[in-house]
Amino acid sequence: LLVCRLKSSVSFLTRPDRPNLAYHKLKGRNPGVIFLPGLNSNMNGRKAAALEDFCNSLGHAFIRFDYTGCGSSGGKFEECTVGKWRKDVLSILDELTDGPQILVGSSLGGWLMLHAAIARPDKVAALVGVAVAADHLVTTFKKLPIEAQKEIEEKGEWKFPTKHNEEGYYSLTYDFIREAENHCVLNSPIPITCPIRLIHGMKDDDVPWQISMQVADRVLSKDVDVILRKTGQHRMSEKEDTKLLVNTVDDLIDKLATLA
């Protein structure tokens with residue numbers, strides 16, 4: 001029943017020059033909340049659902065969506081790049097929202113939320129990262145032995161190891177990695193000044209929690225908290241994890257109301 005409900009209420013943002021983006025929008029007051037899923041994930045995960053229920057109960061606007069080539073959106077995954085997904089996030093921000101927004105980015109979504117905050121400082125009022133994977137694909141690739149890197153370049157494909165699907169890897173093109181290098185943010189100060197909360201599990205086997213510390217160090221914002229969960233895994237979708245996420249967003253909504 002739940003699946004039918006989710007499918008029937010999906011809308012599509014049509015764009016003249018790009019694939020359609022599937023999204024689900026809850027009308028309400030600002031600040032609105034937008035959930036950015038992780039790599040090869042979609043808008044129907046537990047974190048997105050928990051945030052939607054929470055925003056619904058408070059009467060705040062909420063959007064969850066699928067990137068190009070993922071979930072119900074148009075386009076092919078193998079043709080995607082970090083740059084294209086960055087544009088997806090900006091399309092959602094520009095076309096579907098008015099006023100200040102809190103971006104909640106999970107894993108790869110955490111990397112993309114940083115780009116959105118840099119590109120739309122007037123619209124992005126606060127950020128919440130869950131296991132932020134800033135630069136992570138590029139960093140991981142560069143740590144491979146030179147022979148392995150050369151082999152991937154020759155084959156044109158990188159089987160990026162993961163526990164989150166049956167194959168045990170995500171297939172990424174070599175071109176994907178090369179393009180992703182253009183979007184690395186940790187090599188210099190990150191020009192973001194809004195409040196930022198970074199939640200990371202210390203038992204995260206996919207994205208090291210130290211990345212959240214690096215992001216905290218690099219952003220120009222002085223209002224940054226890093227919350228480490230000693231037993232937290234990568235997905236952070238256990239009941240206690242989602243409770244922490246919802247409480248973190250709740251506190252930011254209060255904070256923004258006070259600042260306003």
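Helices and strands are here runs assigned by DSSP, with at least four residues for a helix and at least two for a strand. In this predicted model, the stretch of residues 33-132 is 40% helix and 23% strand, and its end C-alpha atoms lie 17 Å apart. An unreviewed UniProt entry places the feature "domain: AB hydrolase-1" at residues 33-132.

Aromatic rings come next. The count of aromatic pairs comes to seven. In one pair, the ring centres of Phe 141 and Trp 158 are 5.5 Å apart and the planes stand at 70 degrees, so the pair is edge-to-face, given that planes over 60 degrees apart count as such. This pair links distant parts of the chain, which are 17 residues apart, and both Phe 141 and Trp 158 are buried.

| Residue of the pair | Element | Residues of the element |
|---|---|---|
| Phe 141 | helix α5 | 136-143 |
| Trp 158 | strand β7 | 157-161 |

Elsewhere, one aromatic cluster is formed by Phe 65, Tyr 67, Phe 77, Trp 85 and Phe 176. Trp 85 also belongs to the largest nonpolar core, a set of 55 residues, in which Trp 85 and Leu 127 touch the most other members. When residues up to four places away in sequence are not counted, the contacts of Trp 85 include Leu 39, Thr 68, Cys 70, Cys 80, Leu 108 and Leu 112, as well as Tyr 67, Phe 77 and Phe 176. A second core, separate from the largest one, has 23 residues, among them Val 33, Val 104, Leu 245 and Val 246. In soluble globular proteins, nonpolar side chains tend to be buried together.

Definitions and conventions
Residues are numbered from 1 along each chain as its sequence is written. This is a predicted model: local features need pLDDT of at least 70, side-chain atom pairs count only at pLDDT 80 or more; totals for chains, interfaces and linings use all residues. Side-chain values use heavy atoms; hydrogens and water are left out. Rings of Phe, Tyr and Trp (its six-membered ring) pair if their centres lie within 6.5 Å; planes under 30 degrees apart count as stacked, over 60 as edge-to-face and the rest as tilted. Buried means under 20% relative accessible area, exposed over 50%, partly exposed in between (1.4 Å probe, protein chains only). A nonpolar core is a set of buried Ala, Val, Leu, Ile, Met, Phe, Trp, Tyr and Cys residues joined through side-chain atoms within 4.5 Å. Contact means heavy atoms within 4.5 Å. UniProt positions are given in the numbering used here, feature names are shortened, and annotations may be inferred rather than shown by experiment.
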